[in-house]
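Visitor: I am new to this structure and would like a close look at a single part. Please take me through the core and the helix that gives the most to it.

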Amino acid sequence: MLGESHDLFHEFPEYRDRIAELKDANPKFARLYDDYHVVNAEVERIELELETPSDQYTETLKKQRLHLKDEIYAILRQTRARDQA
């Protein structure tokens with residue numbers, strides 16, 4: 001949505017510290033984090049009308065962003081559960 005921040009620290013504020021830790025300690029998480037922010041930046045440029053690709057391309061990017069976010073959330077939950085056990 002236009003004007004909303006989709007940065008992972010805004011998406012998952014309760015995991016702010018964990019995100020920072022995993023970025024440094026988990027290569028897979030770091031790659032997903034970087035991929036997410038690349039896609040998110042492109043979506044934001046489109047929403048600000050700095051780029052004007054097709055609607056289909058925009059929807060594909062948004063789906064990719066959601067998929068990455070789901071993968072990141074799964075790792076966050078998994079590592080949190082492991083830490084609490």
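**The core and helix α3**

Guide: The largest nonpolar core has 18 residues, and those touching the most other members are L8, F12, I19, F29, Y33, I72 and L76. Two or more residues come from each of α1 (8-11), α2, α3 and α4. The greatest contribution is that of α3, with seven residues. A nonpolar core here is a set of buried Ala, Val, Leu, Ile, Met, Phe, Trp, Tyr and Cys residues joined through side-chain atoms within 4.5 Å. Buried means under 20% relative accessible area, exposed over 50%, and partly exposed in between, with a 1.4 Å probe and protein chains only. Helices are DSSP runs of H or I with at least four residues, numbered from the N terminus.

This is a predicted model, in which local features need pLDDT of at least 70 and side-chain atom pairs count only at pLDDT 80 or more, while totals for chains, interfaces and linings use all residues. Residues are numbered from 1 along each chain as its sequence is written, and side-chain values use heavy atoms, with hydrogens and water left out.

One core member, L76, touches F12, Y15, R18, I19, L22 and F29, leaving out residues up to four places away in sequence. Contact means heavy atoms within 4.5 Å.

Helix α3 runs over residues 27-47. Its 21 residues reach 30 Å from first C-alpha to last, close to the 30 Å expected at 1.5 Å a residue; the expected span is 1.5 Å times one less than the number of residues. At the N-terminal end of α3, N26 acts as a cap, with a side-chain oxygen 3.0 Å from the backbone nitrogen of K28. Just after α3, E49 has a positive phi of about 65°.

The buried residues of α3 include F29, Y33, V43, I46 and E47. Among the elements that cover the buried residues of this helix are α1, α2 and α4. I46 is also in contact with T58, as is P53, when the neighbours of T58 within four places in sequence are left aside. T58 lies in helix α4 and is buried, at 10% relative accessible area.

Charged side chains come next. Side chains of opposite charge can pair when their charged atoms come close. Five salt bridges are found in the whole structure, each being a side-chain nitrogen of Lys or Arg within 4 Å of a carboxyl oxygen of Asp or Glu. Within α3, D35 and R31 form one of them, at 3.5 Å from N to O. They are four residues apart in the helix, which means about one helical turn. An α-helix has 3.6 residues a turn, so residues three or four places apart point the same way. Both partners are partly exposed: D35 at 32% and R31 at 44% relative accessibility.

At the other end of α3, E47 pairs with K62, with the closest N and O atoms 3.9 Å apart. Because E47 is in helix α3 and K62 in helix α4 (residues 55-84), this pair ties together parts that are 15 residues apart in sequence. E47 counts as buried at 16% relative accessibility, whereas K62, at 28%, is partly exposed.

Outside α3, E21 and R18 also form a salt bridge, with their closest N and O atoms 2.6 Å apart. These two are three residues apart in helix α2 (residues 16-25), about one helical turn. E21 is partly exposed, with a relative accessible area of 44%.

Terms used
A polar contact is a pair of N or O atoms within 3.5 Å; within protein, one must be able to donate a hydrogen and the other to accept it, and residues adjacent in sequence count only if both atoms are side-chain atoms.
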